[in-house]
Amino acid sequence: MTRTGLVYHELYQWHDTGNHAGFIFPGFPLQPGMHNEHPETKRRFKNLLDVAGITEQLTSIKPRHATLEEILRFHTPDYVERVKAMSDAYGGDAGELTQVGRGSYEIALLSAGGVIEALDAVVTGKVDNAYALVRPPGHHADADKGRGFCIFGNLVIAIRHAMAVHGLDRIAVVDWDVHHGNGTETAFYEDPRVLTISAHQDNWYPQGRGLVPDVGAGAGEGRNINVPLPPGSGVGAYEATFDQVVLPALHAFKPQLICVASGFDASGFDPLGRMMMHSAGYRALTARLMAAAADLCDGRLMMAHEGGYSPYYVPFCGLAVIEQMSGLRSGIEDPYLAFAAGMAGQDLQPGQAAVIEAASAVRRKYLP
Ligand code: 3YP
Ligand code: ZN
């Protein structure tokens, strides 16, 4: 029996991204409306776990606020002060496309603290694996700047904590969010203790980042792998990415813990991505990571939630991942699956294979 932990709190949904125009601040000619990163998508994910009867079978992990000491393992004091000041006043932009609402500072601390608690539960053996369904997300945040809806670098902060407190020195991050995991990459670019792998839509966000030749630097050279997949990539491309790049890299690196930056915005229904993943695809990728974790690190796997903007579809991708992690089956079928699976081009296409081969060459060179 696998014990799977879940971090969740209603307060995550009280982070107010405001009256917006998708991902751009409104104002003529942009009519104000919804922000893409709105609370409902993640709340519906949790609601589906609840009505599916899954939540009650998971180990609930209570989030807490990350301490200033923990946040400062990544962020600059100046930046943290700036976010707090904005949050205490009437909000603002933490850097680039990153809404801070009133009170968002404390919620961002709760998000980082939730990921720390999930990691702690896995590392101490309280659970076998864990999913932190947190908000706001973290993988774009820089040390001194919020980016792409991310205020604090939740996973970076949790990994720095794991190194400082648990003494871990080999941690892998697999980022399957459709956007490049630039914040995580930058944080560990020269750090040989952390292997960062990002599979993302080529040159979408942030533009100019996530290229194959970005392999890490100094002592961290060869410890960063990017797989910039062409728009339109489907399950075949993601499975090939995992089989040819991610899994061999993990087996060579031999991490003590595998972390996933889990966005569901590579789905075929996402407004902020142009890929074709679906729930069965995410289930298959999760199975691969679990097999690697079982071989390499006693199954220690933790996921931190990132993006995913289809309020209708994210819950089914999330349910599939958590069913796979826990071995539980709700019996609920994904009503959208046949539509996504039937989209043309789900099989690996030649252009996609070429990118995967280029990333594969990086893996062979540095992690044979
Ligand atoms: C940030 C601005 C445009 C796209 C958006 C991406 C946020 C996200 O889901 N990152 O993983
Ligand atoms: Zn994303």
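**Close-ups of a predicted model: ligands and cores**

**View 1. Who sits around ligand 1.** Thirteen residues, 13 in figures, surround ligand 1, and those that come nearest are His139, His140, Asp177, His179 and Tyr309. Keep in mind that this is a predicted model. Sorted by character, the shell splits into six nonpolar residues, five polar ones and two charged ones.

**View 2. Polar contacts to the oxygen atoms of ligand 1.** Zoom in on Tyr309 and you'll find one of its polar side-chain atoms 2.4 Å from an oxygen atom of ligand 1. Asp177 also joins in, with a polar side-chain atom 2.7 Å from an oxygen atom of the ligand. For Asp265, the distance from a side-chain N or O atom to an oxygen atom of ligand 1 comes out at 3.1 Å. How much of ligand 1 does the protein bury? On its own the ligand exposes 320 Å², and the protein buries 99% of that.

**View 3. The zinc ion and its protein donors.** Here the focus moves to ligand 2, a zinc ion, whose protein donors come from Asp177, His179 and Asp265. Asp177 is listed twice, each time through an OD atom, while His179 gives ND1 and Asp265 gives OD. These donors lie 2.0 to 2.7 Å from the zinc ion. Along the chain, their spacing reads D-x1-H-x85-D. Are Asp177 and His179 buried or exposed? Asp177 has a relative accessible area of 1%, so it counts as buried. His179 comes in at 7% relative accessibility, which is under the 20% cut-off, so this residue is buried too. Asp177 and Asp265 turn up in both settings: each has a polar contact with ligand 1, and each is a donor to the zinc ion.

**View 4. The largest nonpolar core.** This core has 61 residues, and Tyr131 and Trp176 are the ones that touch the most other members. Which helix supplies the largest share of the core? That would be helix α7 (residues 235–253), with eleven residues. As background, nonpolar side chains tend to be buried together in soluble globular proteins.

**View 5. A separate core, seen around Met302.** Apart from the largest core lies another one of 49 residues, including Ile71, Val83, Val156 and Met302. Met302 belongs to strand β12 (residues 301–305). With a relative accessibility of 0%, Met302 is buried. Also in frame is Met325: Met302 and Met325 are 23 residues apart in sequence, and their C-alpha atoms are 9.5 Å apart in space.

Terms used. Residues numbered from 1 in each chain as written. Chains lettered and ligands numbered in written order. Predicted model: local features only at pLDDT ≥ 70, side-chain atom pairs only at ≥ 80, totals over all residues. Heavy atoms only, no water. Near = heavy atom within 4 Å. Polar contact = N/O pair within 3.5 Å; in protein donor to acceptor, adjacent residues only side chain to side chain. Areas by Shrake-Rupley, 256 points an atom, 1.4 Å probe, with all protein chains shown as cover. Nonpolar A, V, L, I, M, F, W, Y, C, P; charged D, E, K, R; others polar. Donors = N, O, S within 2.8 Å, 3.2 Å for Na, K, Ca; no water. Buried < 20%, exposed > 50% of the residue type's maximum accessible area, 1.4 Å probe, protein only. Core = buried A, V, L, I, M, F, W, Y, C linked by side-chain atoms within 4.5 Å. Helix = DSSP H or I, 4+ residues; strand = E, 2+ residues; numbered from the N terminus.
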